[in-house]
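Trainee: I keep meeting words such as "buried" and "pocket", and I would like to see how each one is earned. Could we go through them together?

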Amino acid sequence: MPFKYNTSIYLTLALTIMFTVMLVLAVHTRASYVELKSKAVVEMKKNSSKTIELLTKNISDDIESYAVNDYDKIVGNEMKLSQHLAIIVKDYNMGEILGSKVYISGKIRKSTNIIVDYDQNNLEHTELVRKAFFKQSKDILSSHGKVIGNITVYISDRYLQSKLNELIKDSILEFFLIGTVLAIALFITMYLFIVKPISDISYILTKQDEDGIPTDPLSLNGPKEVSRLAQTINYMLDSIKKSRLKIDMQNKELINERDRFELAVDGTQDGLWDWDMQNDIVTFSDRFYEMLGYEKNEIIQTAEGWNKLVHPEDLKDSNQVLRDYLNDQGRYKYENTFRMLTKDGEYIWITSRGKALFNDDGTPVRFVGFITDITSQVLHNEELDYTAKHDMLTDLPNRFLFTEYIQTLLNNTQENKTHMALLYIDLDGFKEINDEFGHVIGDSILIHVAQKIKNILRKEDFVARLGGDEFIVAVSNLESTNNVVPMLNKFLDTIRQKVENPKDKNESLHMTASIGVTFYPQNKEIGPEALLRQADQAMYDAKNLGKNQYHIFNIDSDMANKEHLHIIQDFEQSLISNDFILYYQPKVDMRTNKIYGFETLLRWQHPTKGLLFPDEFLPYVNPQKELMLNLGEWVISNAFAQFSKWKEAGYDFDLSINISAHEFKETKTFALLKSLLKQYPNISPKDVEFEILETHAFDDISQANKMISTFQELGFNIALDDFGTGYSTLTYLKDLSVNTLKIDKSFVMDMLHDRASLSILEATIALAEAFRCDVIAEGVESVEHGNVLIQLGCYKAQGYVLSKPMPSYEVETWLTSFQGHDIWEQNSKKLFHEHSSLYAIVEHKQWVKNLQEHIKNPDIYPTIPELDDHRCNFHEWLYNDAKKHFSKKVIEKIDNMHVKLHAEARNALSAHGKKREELLNEMLNTHKEIIETIQSQNSM
């Protein structure tokens, strides 16, 4: 709907002027406000800085001499002379005398402007300083440079607000006076030079003749712009009068042109039409009526009558062609093809051509043309099109029509939010039958199968013959992909048939089908060709699985295979371009904090993905024996080269190298090691340890033991990596003469809050001791992890608490800066009584963790830990195992704290918001006291 604007221009301009004046003055006032505020803030901060400097100098001697009253008077005087909100002094000397950390005093200005002594326990005082505009603090130094106190000046915004209020009052008055003067001046000017001249023009334009054209010319007096407007309107009126005369002449010319056109068309056997567009009258020739079979009075001679003859399916497009032609003012040839209704109820195809006449302003006034019957030509083209898009043998759509139609099915599936299945059907053994019995038999089988497939399909489904014995079926509008399974079984049962042997009627040939299936939509957008390839691949899988069955395309498996292939290809190229890096992670003896070795770790500097860890590529590469052997040779050779450099630099530590099962079982590995020992004579084999995964070692126990012995005969050590994650048994471990057991990091990281992991650790350490193996724990990420390992009897560690793996060029710098953890060295010299308290600590930590998780996420962790302090496992330990080693006094102390902790837990569960947080913090503090008490009693 077009916008209607009826408001007076005088009122509009008046409002615009008023708004402009108000806006300019408002911007000016705002700028003044900001400037004044900024200057006032700077002045306040400057004054506070002077105050704090002066007070710091004046009261430092008083604080040193404990003269509290003296510096309190100084602070009071300063408050009276200034507008500060508060001055607060922290006296550390007086705090020591009074037995606290600090003595706090000062002055504060209350909201009533009365200055009183500051009281830190007074809520009104604390709220005033909290809401201060800003504050400044400075430490007070003694004559010897020691910090003996601190002074803080708090500034309120009362002075600032008073200044700003004065500015606002002045600005309102100024705003009113200036705005009034400007508005009056502008209103008068506007009326004399704009509103009145325009009103005069409007009055003259109201005097019109019978055609609505003004009779009098406009006056050219007035301002320059108004005079030009009047001149332009006069020119337009003259043009309209001349145009009326020209249109009359054109109408006469058009009638003559139509007569000549009719004579020319009579010989073409086409129907002529003439449309008077100003009066909406359409005139038809006799031949027009004859072509459609109507009498002259049977067709309404208007545009609406014409539209009733056009086929409803063609009406929209034909009218659009007409509109485009008229909008372009006849620049292009008008040609329109559509169907028209004959008197006997049939439709014929016609082509309509014509030409329109337009006024100077582009308005069409006449449109004359003719129609040609092209029905026979259209039917012939449709026949050719059908032949091009259908299989002549089975009369099914062919691949061309399938490709054209499938995109429509995909779009409908998306719009309707349903599923579509694409079935690729291939007949089993058809080629052999066709070759043996000829194409006649083969063609009859294909026709028979095509008809059976069509009989199964629903009206919304689509089938095409791709060629040979291959058919493609699109099953659409499925609510679920499972809905296609009954149809698949029906296809298999229907196609499965016996075909009579033409050479021996007593013998039958068996016909079956293999069907590949894929679905749409998928997680990633996919086109028709890719869908067809998926179904084709699934069909071949069905054949490889034994034929006479269907197989559904596995998207995840296909993507994984492609990703696998890309990784293998990139890996091969990186071996050539040397894109691998060795990192090194230190191993420490916690009894001495000495670094006794480094583990060699592989990294892949991928050209596009960046730095990759082994678990991101080795699972894909590991099945490729030759690639793994080449990689292993690179790792061992580069590790020996770097180790030799460290030996030359005087470093004395061991080096461990991970090897795969391929290298471990490959005899060529020993030839490589012998060669490297000769190449680097400063490396002793006893300083090198090879790490083999537990799962690889136990894969073939007899061969593994043989290979371990071969390594050890050369002087190398063998470590069993990730111990505890495989399927190790005491028998296997007894048969393997490994030098070191490496405890998997998953047990180490969980041992602080998981009893099972702690038990596995204790058992593994005992096994290592029983079989005379060294034992080292991986994944040590905190000092507390190390303390627990020491208590269990494991002294060698490796993990992030020491260092993350680092490239070789960082190792020497790290060695010079490493200091270790003194508490480990101290704890290793203590004699721990027993391990039950260690289990009690772990269980208690888990109890606290479970309670916190339940409180934060009750939906995810619905189970509430035991809240009765007499029924939990900790209470049972305290009055059984703990009594054997702790005194009665200590037991009572721990029990009291334990009872308190459970009470705090119950209170926290029933509380909410900030109160709950406070209770949880109290509970955690109690928990910490319990743990520290147990740990202090458990060693000597």
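Mentor: Happily! Let's begin with how elements get their names: helices (H or I, at least four residues) and strands (E, at least two) are DSSP runs, numbered from the N terminus. With that, Asp687 can be placed in the loop between α20 (668-679) and β21 (688-693). Residues are numbered from 1 along each chain as its sequence is written. This is a predicted model, so local features need pLDDT of at least 70, side-chain atom pairs count only at pLDDT 80 or more, totals for chains, interfaces and linings use all residues, and side-chain values use heavy atoms, with hydrogens and water left out.

Trainee: Why is Asp687 called buried?

Mentor: Buried means under 20% relative accessible area, exposed over 50%, and partly exposed in between (1.4 Å probe, protein chains only). Asp687 has 9% relative accessibility, so it counts as buried.

Trainee: What is Asp687 in contact with, leaving aside its neighbours within four places in sequence?

Mentor: Contact means heavy atoms within 4.5 Å. On that rule, Asp687 is in contact with Phe643, Lys647, Asp654 and Leu655.

Trainee: What makes the pairing of the Asp687 and Lys647 side chains a polar contact?

Mentor: A polar contact is a pair of N or O atoms within 3.5 Å; within protein, one must be able to donate a hydrogen and the other to accept it, and residues adjacent in sequence count only if both atoms are side-chain atoms. The two side chains make their polar contact at 2.9 Å. A polar contact of 3.3 Å also joins the side chains of Asp687 and Lys686.

Trainee: How do you know that Cys794 is in no disulfide?

Mentor: A disulfide is a pair of cysteine sulfur atoms within 2.5 Å. The structure holds zero disulfides. For Cys794, the nearest cysteine sulfur is that of Cys773, 13 Å away. Cys794 has 0% relative accessibility, so it counts as buried, and Cys872, at 8%, counts as buried too.

Trainee: Why is helix α26 said to be largely enclosed by the rest of the structure?

Mentor: Eight of the ten residues of α26 (residues 783-792) are buried, so the helix earns that description. Among them are His785, Val788 and Leu792. The cover over the buried residues of α26 includes α24 (745-750), α25 (755-770) and α29 (836-856). After α26 comes Gly793, with a positive phi near 100 degrees.

Trainee: What makes Asn477 and Asn578 worth a second look?

Mentor: Most residues other than glycine have a negative phi, and most peptide bonds are trans. Asn477, in strand β13 (residues 470-478), has a positive phi of about 60 degrees although it is not a glycine. Asn578 lies in the loop between α16 (555-577) and β17 (580-589), and its phi is positive as well, near 60 degrees. Asn477 has 42% relative accessibility, so it counts as partly exposed; Asn578, at 48%, is partly exposed too.

Trainee: Which peptide bond is cis?

Mentor: The bond from Tyr520 to Pro521 is cis, with omega near 5 degrees. Pro521 sits in the loop between β15 (504-520) and α15 (528-544).
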